[in-house]
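Me: I have a structure to look at, and I want to know what stands behind each label. Can we go through it together?

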Amino acid sequence: MSTGFSSGSEAHPHPLSPLSEHEFRKARDIVNGLYGADSTLFFRAISLNEPRKTELVPYLEAEHAGVALAELTERRPPREALVEYDVITAAAPLLHEYTRAVVDVETARVVSRKRAKSTSKPYFTPGEFALFQDACVESPLFKDAMDEFVLPEGFSVTIDPWPYGGFDGNEKGEDTPRYMQGLVFARDSSRNNPDSNHYAFPIPIIPVMDWATKEIIRVDRLATGGAGDGLEPASRGDHPRQLFQNSKHAEYVPELLDQPLRQDLKPLNIVQPEGASFTAHPDGLIEWQKWRFRLTFTPREGAVLHDVRYDHRPILYRLSYSELTVPYGDPRPPFHRKHAFDFGDGGVGRAANNLELGCDCLGAIHYLDSHLAAADGSPAPARSVVCLHEQDGGILWKHTNFRTSRAVVARNRELVVQFIVTLANYEYVFAYKFDLAAGITIETRATGVLSVVAIDEGKTSPYGNVVAPGVLAQNHQHIFAVRIDPAVDSYAEGDTRVVVEESVPQKMDPGTNPFGNYYRIERNPVERATWLDAEPRRNRTIKLESATKTNPISGRNVGYKLVSPATQTMLADENSVNSRRAPFAHHSFWVTGYRDGELWAAGELTNQSREDVGGVGDMVRRGDWFSEDGAPPPPAPGNEGGGGGDHQPDAARRSGPVLWSVFGLTHNPRVEDWPVMPVEIHQMHLRPADFFTSNPALDVPSTRNDTSVLVQCCGDKSAQQDPLSHLQGTGSDIDAKEAGANVEGGNGKGEGNDAKLGRRLSRALTDLLKLKGKE
Ligand SMILES: [Cu+2]
């Protein structure tokens, strides 16, 4: 399907199409040219610098108005690349100056170049993580720590590098170097299978590396006790102690399982004889049914959707996952530092799986390829990092007219945009699902292997669950933030507003609620940047509405509602470093004023942070407002200027709203989550609410599926005689005159007595009476 819109080309790229290889290399070369021979650049990321909204919106409006490509190109915002890199000089080789530069790849102009504060700790690239194991091998401290243990014959040592977690400098604000830590495990190499699961054999130490010197500076010994054993590790004995004497392998790869694979699962094939119903254009434009959007892929966020439209009407300007923080609830130091920010500390785009045909999606699949930056800034192919496919969505709508037995049923279908990331032990499956009734589902699945530590055999712990002998899976939370940048039926900044709608019980009142069954719907537009908590007892619902357009049927503002189940927010104490790093995780929703580039719920630099800087907390504190009603009072005389500390680079202003939806999985592990966990699924839904004039999926054909076949049960071939005998009594309509109505034009048609009887009694009862009459 094609809507006839121009979709750009290599010569005339759409403003949202990813950097071409040529642009990618050019951006790298421009940045390299800024530095002399005494500097080496370590490239972290090169990606499209998305156009400013004020420049992109006029382009999108022109594009959708059908303006010709040549003319559109004249109006196109500049093509810019965001280049992230460290500058390393020969004079100070240990000092990495993390820098973000924006370059115009057409004019070769450097638009901006900002060096991060020396105290900030940039995220880790996969290449940086990979160096950790070498540092351990070379470390006398690590060797000494390992000398405490005796491993079974044939076991080797393997290490999962982790970000270091929160700041642990002193209270005077003293800084710490950029650290990395590692969880240490043993693997049974005698199995001759590199996929034998090492998580079954945790070794109770955590080495810590100073990233600048690449040296292990400390090895923390871990407490392995149970309930009542206190927070500190037991002191080290004089002799090495034997580990894993009664441990059990915990394999998940099929060739190592100690049980046979099931033989009774018959093939279930997805057959699409005419191919897929979607069209994926080379520049990221996706069209499916009445949907049209642009798909990009960023190193930090993975798949991002832009300019999401349904039936030529805009709905969202941008939709993305923003952050995921995973704090662990074990109070024994150093486990308080098991606290990852998977977007900010590493980036889920960089951790995206290369998906494989026939494995991660079924049916007719389209894969999106991307490029990540190699250390020298060259484009490294990231193959098949996002997949697109259609899947059956069960019944979309159905009605059976019980009078005639006529059933009309339409099946739903979903277009799934999916990417999967591996972060050490864990996997997350992220999906945006579009449906035929103009709904979007934002789905997250958590799977992979639990993060485990050692526990003395025979003990249990209040801090987690023993999932295998000697293996403690610690309690933890996964708290996600999805960023929803709306454009409800208009791209203009003031045209979309956020409204909180609640259904509220009302007291019995003789005049207004005599029987007490009435409940009132309360609606409150969000006038100023704020946070909100879920309140299922009031069915608190966040709506994205047009401030200007009303539905011709209902008279209400056209909109979309967010349906997001209430989930637990962050449990760490408000004063903890864990909490201060992630204020976003303490509330279900945040509504902030739009600013270009403000994409990060916990701020841009989360790695080893001591508090959130530039996250939603700061955005709310800035004090933006969305309508004149929300404008702050004019400043008192003599108090006009200033304001804006370190965290408020921008003054408050009237803005368009951005909605952040936060949800969490409080994961107190089950034995069934071991050794690899069945998916834990969370879904939130964006559903039209008075956006259309009727069910937008009436036109979905109720095509009978001719490949469906009957499965007989138990040899019993008898079928239900009267398939509708359980429904309400059927009968013909009542003649309008008989029903007492006046009829235009006078005479209505009369009815015989039998027909009247048949209508008034159920069919079953009529049949019974007939039988009686024959006796
Ligand atoms: Cu979990």
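Reply: Buried residues make up 38% of the 775 residues in the protein chain. Bear in mind that this is a predicted model. Its secondary structure comes to eleven helices and 34 strands. Along the principal axes, the C-alpha trace spans about 105 × 70 × 60 Å.

Me: What makes D342 count as buried?

Reply: A residue is buried if 20 or more other C-beta atoms lie within 10 Å of its own. D342 has 24 other C-beta atoms within 10 Å, so D342 is buried.

Me: Why is Y426 called buried?

Reply: Apply the cut-off of 20 or more again. Y426 has 20 other C-beta atoms within 10 Å, so Y426 is buried too.

Me: Where do these two residues sit, and what do they touch?

Reply: D342 is found in helix α7, residues 342–346. Leaving out residues up to four places away in sequence, D342 touches L324, V326, V348 and L423. Y426 lies in strand β21, residues 426–434. With that same kind of neighbour left out, Y426 touches A446 and G448.

Me: Which residues does UniProt list for "active site"?

Reply: The unreviewed UniProt entry lists D342 and Y426. They are spread over 85 residues of sequence, yet they cluster in space, with a largest C-alpha distance of 10.6 Å. At Y426, the unreviewed entry also places the feature "modified residue: 2',4',5'-topaquinone". Such annotations may be inferred rather than shown by experiment.

Me: How do you know that β18 and β19 pair?

Reply: Two strands pair if DSSP finds at least two bridges between them. Seven bridges join β18 (residues 366–373) to β19 (residues 379–401), so the cut-off is met and the strands pair. They run antiparallel. For one bridge, look at S370, whose partner in β19 is A382. The hairpin has five residues between the strands, and G377 takes a positive phi near 85° there.

Me: What makes β19 and β20 a pair?

Reply: The cut-off is at least two bridges, and twelve join β19 to β20 (residues 406–423), so they pair. These strands also run antiparallel. H389 has V416 as its bridge partner in β20. This hairpin has four residues between its strands, and S405 in the turn has a positive phi of about 70°.

Me: What is in the largest nonpolar core?

Reply: That core has 128 residues. V386, F584, L659, W660 and V662 have the most contacts inside it. Strand β16 (residues 313–327) gives the largest share, seven residues. A second, separate core of 18 residues includes F24, L48, L82 and V103.

Me: Why would nonpolar residues gather like that?

Reply: In soluble globular proteins, nonpolar side chains tend to be buried together.

Me: What is F584 in contact with?

Reply: Setting aside neighbours within four places in sequence, the partners of F584 include W660 and V662. Among the others are E323, A481, W590 and A601. A contact needs C-beta atoms within 7 Å, so each of these partners meets that limit.

Me: How much of the contact total comes from residues 24 or more positions apart?

Reply: They account for 67% of the contacts with a separation of 6 or more.

Conventions: Residues numbered from 1 in each chain as written. Predicted model: local features only at pLDDT ≥ 70, side-chain atom pairs only at ≥ 80, totals over all residues. Buried ≥ 20, exposed ≤ 12 C-beta atoms within 10 Å, placed from the backbone. Core = buried A, V, L, I, M, F, W, Y, C linked by C-beta atoms within 7 Å.
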